[in-house]
Amino acid sequence: MTSQATRNKLVLRLREKGISDKRVLQAIADVPRHLYVDEALSSRAYEDTALPIGLGQTISQPYIVALMTQELLKNGIPKKVLEVGTGSGYQAAVLAQLVSQVFSVERIEKLLREARRKFHRTAQRNIYTRHADGRLGWPTQAPFDAIILTAAGTELEEDLLDQLADGACLIAPLGDAISQRLVKYTRQADDFKREELCDVSFVPLLSGLS
Ligand code: SAH
């Protein structure tokens, strides 16, 4: 089967699981996930599972990527999105199909270098990356129309909430290694509406650079 055919099968599977936003399904159909995983695992790239990307990190499960992206688009298409945890670059590449600018921050330099190579290879022109501790956000680019964390902290970072534009939302896994919830905060002036979406399992949000 060609990678486009296996990718279409993945899209069908995500629809069955409840992803209904056509823009998100199209983005999943368009992004070559096999380029974002290790060559040795590329035959499994279109399974709906997280896979290791080295250094103890993982590329997120496609269903969770789709769910978080769908949630980000609910109040209209955000222009500027901040992602904390570039990892393989896959989530950033999916977002980049849908929004004007993706700013993505990664604390592990080696992973970031590999992700940048992939963005270059797939001619992504609207992804901007930075080797930094994403818990601090990207202050010089704030405010953002949406913020997405792809690593789980035990509590929410004030700096990130500060960098949300009015009406914008932040989606983050919150919890420890045993139990995490995907939580969505929507800014309403100086208030934040909190919703819990589902149980998830992400790698931990760590401090400092590596
Ligand atoms: N979005 C990624 C998911 C990668 S896993 C993808 O689609 O593949 C989460 C990533 O978050 C890891 O690469 C990890 O190194 C990174 N991370 C953890 N804590 C971080 C922090 N404080 N700042 C930036 N990145 C962080």
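**Reading pockets and buried residues**

Modeller: The second largest pocket has a volume of about 260 Å³, and of the 15 residues lining this pocket, Leu-35, Val-37, Asp-38, Glu-39 and Lys-118 are the closest to its centre. This is a predicted model, in which local features need pLDDT of at least 70 and side-chain atom pairs count only at pLDDT 80 or more, while totals for chains, interfaces and linings use all residues. Residues are numbered from 1 along each chain as its sequence is written, and side-chain values use heavy atoms, with hydrogens and water left out.

Colleague: How should I read a pocket, and which element gives the largest share of the lining of the second largest one?

Modeller: Rolling a probe the size of a water molecule over the atoms shows where empty space is left. A pocket is an open set of points, on a 1 Å grid over the protein atoms alone, where a 1.4 Å probe fits, with protein on both sides within 12 Å along at least five of seven lines, and lining residues have an atom within 4 Å of a point. Points are joined across faces, edges and corners, and the volume is the space filled by probe spheres set on them. Here, helix α5 (residues 109-121) gives the largest share of the lining of the second largest pocket, 5 residues; helices (H or I, at least four residues) and strands (E, at least two) are DSSP runs, numbered from the N terminus.

Colleague: What volume does the largest pocket have, and which residues lie nearest its centre?

Modeller: The largest pocket has a volume of about 500 Å³, and of its 35 lining residues, Gln-57, Thr-58, Thr-150, Ala-151 and Val-203 lie nearest the centre. Strand β2 gives the most to this lining, with 3 residues.

Colleague: Is Asp-48 buried or exposed?

Modeller: Buried means under 20% relative accessible area, exposed over 50%, and partly exposed in between (1.4 Å probe, protein chains only). Asp-48, in the loop between α2 (22-30) and β1 (51-54), counts as buried because its relative accessibility is 12%.

Colleague: Which side chains make polar contacts with that of Asp-48?

Modeller: A polar contact is a pair of N or O atoms within 3.5 Å; within protein, one must be able to donate a hydrogen and the other to accept it, and residues adjacent in sequence count only if both atoms are side-chain atoms. The side chain of Asp-48 makes one of 2.6 Å with that of Lys-17 and one of 3.3 Å with that of Gln-61.
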